[in-house]
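Hello,

Here is the structure I promised to send over. Have a look at it first, and then read my notes underneath.

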Number of protein chains: 2
Amino acid sequence: MKSPTVTQTMIARKLGVSQVTVSRAIRGLPQVNNSLRNRILAEAKRCGYVPDATNFEARMMRRRANGVRPRTDVICAIVVDEDDPFGFGGRLLRGMNEEAHQTNCEVVILTHINGALPRIVLRHQVDGMIRMLGDLEMARGVLPSPIPWVSILYEVPGADLVTVDNAAGGLTLGRLLAAKGHRRVAFIGPDTHLARERLSGLRQGLAETGGDIPAEWTFLRPFVCNDDSTKDLLDEIFTRFRMAGRTIPPFTALAAYNDFMAELAVRSALQHGLRVPEDLSITGFDGALPSRLRETLPLTTIAVPLEELGAEAVRLVHWRLEHPTALRRKVVLDGQLILGRTLSAPPPHLPEET
Amino acid sequence: MKSPTVTQTMIARKLGVSQVTVSRAIRGLPQVNNSLRNRILAEAKRCGYVPDATNFEARMMRRRANGVRPRTDVICAIVVDEDDPFGFGGRLLRGMNEEAHQTNCEVVILTHINGALPRIVLRHQVDGMIRMLGDLEMARGVLPSPIPWVSILYEVPGADLVTVDNAAGGLTLGRLLAAKGHRRVAFIGPDTHLARERLSGLRQGLAETGGDIPAEWTFLRPFVCNDDSTKDLLDEIFTRFRMAGRTIPPFTALAAYNDFMAELAVRSALQHGLRVPEDLSITGFDGALPSRLRETLPLTTIAVPLEELGAEAVRLVHWRLEHPTALRRKVVLDGQLILGRTLSAPPPHLPEET
DNA sequence: TTGTAAGCGTTATCAA
DNA sequence: TTGATAACGCTTACAA
């Protein structure tokens, strides 16, 4: 429990050299006689001298005296009180840890921010911060931070950004829908910026061949990540069109904001007697974890490269450290189209309305 | 991006007092004239002096010179590369953050250990470590750590332990099964220490009225946390007894290691034409997150107080800091019986075999 | 009640 | 190639 501090001075005394020489030998500076260096390193090893452990504070303090903010090679990821039902956090972290490992760096995580800067940030123990999930407001509270600051997926003013091209992903899906012959498509999603980006891409892709997602089939709802509200909405949609005397809705495809909603849509459609994709094509977005349904009926979706986003966030922190005064930077990655089995040509018996 | 270091000396010069007086005023030592103290604190505030931020290193270094290891009020939780499919981590963390907050402390998380001590530990930036999920082998690698070290749920040699009384929980369930009239019970679970503890409690509870979980109905398998292996096992079990010419298995209840397996068991039993609980009672263990199935058919289970475990782990770190030489300590919490609807009296038509 | 001096362990500078 | 010295910002001991 007790760590008997081993210092450079102790090593120096033992070998009858000056402490400064020990410092030089340990830091690998060239101006040390080779045999002396070896003796010093051997002795350091023998008595358990570890530069980081012995006196990190002294080293940092002295280095800062030089005017430069010394690196700690630790990056802090922030996930505020998030339930992370889709397991995004794990995949982002995998990417971050992987990249950090390759750049001789470590990632620590905070899940609770108390309005103020976290202690490890305040104390200059981390080089940069990555906001990866959770509340954006929190990010604003922490923002006047003296260190590089990267946000993943969501814009935070003043922070560099790593995100995925939602509009481009939507465009890809929209074009695919159009190519299959779909003209009238519905959309369900939360009323958020991200959802609107995906929606606008979808619309643009459909528009290229005269298709559309009309306003009356655009179902934007406040986002609650839980089955029930989405299920209710879907029930309402499918029921409404059945009550209007039709067995199938007046749109031939349903684009969902994410895979979670898409999967619920598939289930709901099946329950309401629609065949997927024969009667109704359904698309998702995210490429989340595999589920049981997905084994039998894989979604057509845009996979978001979460591991890559995490790795890129770490790279962006490093880049910002090298370019502290550079303009704010965005890194935009492309999602990848996954061809599942929920998208086909529209049913032939549906009259194309104008 | 640049933090213009404000020092006590700067404040001192500005007010024409000595730096030591500033130090005393800021630390709230009694021997400072009140009006002077106020002037100093006002100036410190004005120019943005924050003790932690300005020079944490210097303070720590000087304090360590006094022979005591100074506190950082930061605790490190370790979750190694765990997928955490049950959301345990979130609940443990909630409890830890809550308790930490109340004791003016912060929790940071590590999800990747590279064989060696994490940097923030090596650098004396945390007061203690809590192993909360994931690989135990990793814990052993990190173990010769100079700081307090608490493990949650799993024994780690040399570390203090916070756990739940698995045997007592099993006993409660066993007695409940016995009281309902069950004499022959089966068990499924992984081949782990935890599972054996729960199993032994179950057996003991059943034994009080002559019941048992015989060896041939004790299905211990290497633990893979994924649907398929468990589903296969269950299929095998239920199929075997059907192929032997019976429509219902020769046991009247199935105790599962955890709620995850219990829920799969319920599904599997239903698929094999058994009514739950009329033909087969099923019990779980954990009290994990609610699922869709659980809304319609809630499990009878033992809820593990995860938030409390997390909070207790933080308390244990603090306790250990106060009692560095005390013997290794275990804190054992009790699970709480949740009466669901998967447990009833055994079917009357089953002859009680001896 | 306030100030002076010493020292924590390191790195940078200059001299030998 | 090595050493002596100063400094980083702070806390403690002792003196005024």
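Below is what I found, starting with the DNA and ending with one helix.

Please keep in mind that this is a predicted model. DNA strand D is surrounded by 26 residues. Thr21(A), Arg24(A), Asn33(A), Gln19(B) and Arg27(B) are the closest of them. By type, this surface has 10 nonpolar, 11 polar and 5 charged residues.

Which parts of the strand face the protein? Sugar or phosphate accounts for 61% of the strand D atoms within 4 Å of the protein, and bases make up the rest. Two contacts go to phosphate oxygens: a polar side-chain atom of Arg27(B) is 2.5 Å from one, and a backbone N or O atom of Ser18(A) is 3.0 Å from one. Arg62(B) reaches a base instead, with a side-chain N or O atom 2.9 Å from a base oxygen of strand D. Helices α2 (19–27) and α4 (51–64), in chain A and in chain B, are the elements that each give two or more residues to this surface. The most come from α4(B), with 6 residues.

Now to helix α1 of chain B, residues 8–15. Its buried residues are Gln8(B), Ile11(B), Ala12(B) and Leu15(B). These four sit on the same side of α1(B) because they cover an arc of only 100 degrees around the axis. In general, residues three or four places apart on an α-helix point the same way, because there are 3.6 residues a turn. The buried residues of α1(B) pack against α2, α3 (34–46) and α4 of chain B. Arg13(B) and Lys14(B) are exposed on the face turned away from that buried side. After the helix comes Gly16(B), with a positive phi near 70 degrees.

Best wishes

Definitions and conventions
Residues are numbered from 1 along each chain as its sequence is written. Chains are lettered from A and ligands numbered from 1 in the order in which they are written. This is a predicted model: local features need pLDDT of at least 70, side-chain atom pairs count only at pLDDT 80 or more; totals for chains, interfaces and linings use all residues. Side-chain values use heavy atoms; hydrogens and water are left out. A residue is near a molecule or strand if one of its heavy atoms lies within 4 Å of it. A polar contact is a pair of N or O atoms within 3.5 Å; within protein, one must be able to donate a hydrogen and the other to accept it, and residues adjacent in sequence count only if both atoms are side-chain atoms. Ala, Val, Leu, Ile, Met, Phe, Trp, Tyr, Cys and Pro count as nonpolar, Asp, Glu, Lys and Arg as charged, and the others, Gly among them, as polar. Buried means under 20% relative accessible area, exposed over 50%, partly exposed in between (1.4 Å probe, protein chains only). The arc is that of the directions from the helix axis to the C-beta atoms. Contact means heavy atoms within 4.5 Å.
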